Amino acid sequence: MAKKIVLTGGGTAGHVTPNIALIPRLRELGYEIYYIGSYEGIEKKLIADFDIPYYGIATGKFRRYFDPKNFSDPFRVMKGFMEARKYLKQIGPDIVFSKGGFVSVPVVRAAASLEVPCIIHESDMTPGLANKLCIPVAEKICCNFPETIPMLPAGKAVLTGSPIREELAKGNKIAAYDLCKFTSNKPVIMVIGGSLGAEAINKAVREALPKLLEDFQVVHICGKDKVDNLMLSIQGYKQFEYVKTELKDIFAMADVVISRAGANSICELLALKKPNLLIPLSAHSSRGDQILNAKSFESQGFSLVIDEDYLTENLLLEKVHELYFTRQTYAETMARSNQLNSVRTITDLLENTVCRTQ
């Protein structure tokens, strides 16, 4: 009889793409795969391409601040719990894997109530609220950072890194040179600010562009509606709002990368062994998780880091040149990491748990 797994997680692409990265290996291992997400969240759209049965449930957000929805959302969470429990009974999974986000809480809790084992994944260094609510009933908690392990219950934490889509490592740099109309005899900087772009990074890169282009070519993934039309014809500078299928090719072409410090993004850089300069989202506009992520990667020798509050054209130029001339050291350090085989590590955990509980 086929093994069955339910994947869950949603709200942002970062709570879905690691699940997607596991799908090919899970299929190799003979699993029937199901997905439980929110009614119309981004996860429903992203999973639609993979021929996986999808079940939508109600979900509510857990907030640490006052909001009128704090009074209604607990009822939505309870509804989601009952819906998840109903679907889990129908599916009869051997295991649940959760990538987090608020939709995962009713699913993991419902699975626990049915004695279905759950493994969860925490991307950031400090567990988010949704995962904190799931940790007590999880068999194992996968994490990206060594610093996370002491924050989790003894014996439950496993340093796995984040699952990365296999195709990202199969890029064609020649295709990217053609796409960007670049030459192969000048190094390439890839700038990526996340799915929505990053205003501060975009501004600093464009201010530094005349000097950067003396030594480099720059491919700039700048976010939706963030393309500067006045800079479209600059030789050696190529802008994109967003890149999907060509992303693997651009990664293959890039000599160094300037990036935000979202957990999934930096795990991709680690898996691809790309020397990188991280500019984490400032504490003024986040809970500070990107700052902690960046500090960890810096301390492990994987990254150079600039604090966004101190980002200037001159500092950016200085750090980019430093990174480029020491890029081999960074690549070699990343190659020694024990977080590179995330898909295999996590699927082995799933297999061991299923075998132990059957």
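What is the volume of the largest cavity? The answer is about 40 Å³. This is a predicted model, and the report below starts with its overall build.

## Overall build

The protein has 13 helices and 13 strands. Its radius of gyration is 21 Å, close to the 21 Å that the globule rule gives for 358 residues, so the protein is as compact as a globular protein of that length. Along the principal axes, the C-alpha atoms fill a box of roughly 60 × 45 × 35 Å.

## A six-stranded sheet

Strands of a sheet pair through backbone hydrogen bonds, and the pairing can be parallel or antiparallel. Here, six strands make an open sheet with parallel pairing. Their order is 10-9-8-11-12-13. Strand 10 (237-240) and strand 13 (303-305) stand at the edges. Each has a single partner strand, so one side of each is left without a neighbour in the sheet. On average, neighbouring strands of this sheet are turned by 20° against each other, direction ignored.

Look at one edge in detail. Strand 12 (residues 276-278) and strand 13 run parallel, and three bridges join them. Asn 276 has Ser 303 of strand 13 as its bridge partner. A helix also packs on the sheet: helix 6 (residues 173-180). Helix 6 touches strand 8 (188-192), strand 9 (217-221) and strand 10. The direction of helix 6 makes about 95° with that of strand 10.

## The cavity

Rolling a probe the size of a water molecule over the atoms shows where empty space is left. The structure holds one cavity of 30 Å³ or more. Which residues line the largest cavity? They are Thr 17, Pro 18, Pro 163, Ile 164, Arg 165, Asn 264 and Glu 268. Helix 1 (17-28) and helix 9 are the elements that give two or more residues to this lining. By class, the lining of the largest cavity has three nonpolar, two polar and two charged residues.

## The second largest pocket

Now turn to a pocket. The second largest pocket holds about 350 Å³ of space. It is lined by 19 residues. The closest to its centre are Ile 164, Glu 166, Leu 340, Asn 341 and Val 343. Two or more lining residues come from each of helix 9 (263-271) and helix 13 (342-357). By class, ten residues of this lining are nonpolar, five are polar and four are charged.

Ile 164 appears in both places: it lines the largest cavity, and it is among the residues closest to the centre of the second largest pocket. Helix 9 also gives two or more residues to the cavity lining and to the pocket lining.

Technical notes. Residues are numbered from 1 along each chain as its sequence is written. This is a predicted model: local features need pLDDT of at least 70, side-chain atom pairs count only at pLDDT 80 or more; totals for chains, interfaces and linings use all residues. Side-chain values use heavy atoms; hydrogens and water are left out. On a 1 Å grid over the protein atoms alone, a cavity is a set of points where a 1.4 Å probe fits but cannot get out, and a pocket is an open set with protein on both sides within 12 Å along at least five of seven lines; lining residues have an atom within 4 Å of a point. Grid points are joined across faces, edges and corners, and a volume is the space filled by probe spheres set on the points. Helices (H or I, at least four residues) and strands (E, at least two) are DSSP runs, numbered from the N terminus. Ala, Val, Leu, Ile, Met, Phe, Trp, Tyr, Cys and Pro count as nonpolar, Asp, Glu, Lys and Arg as charged, and the others, Gly among them, as polar. Two strands pair if DSSP finds at least two bridges between them. Axes are lines fitted to C-alpha atoms, for helices over the stretch in contact, and angles run from 0 to 180 degrees between N-to-C directions. Contact means heavy atoms within 4.5 Å. The radius of gyration is taken over C-alpha atoms; the globule rule is 2.2 Å times the number of residues to the power 0.38.
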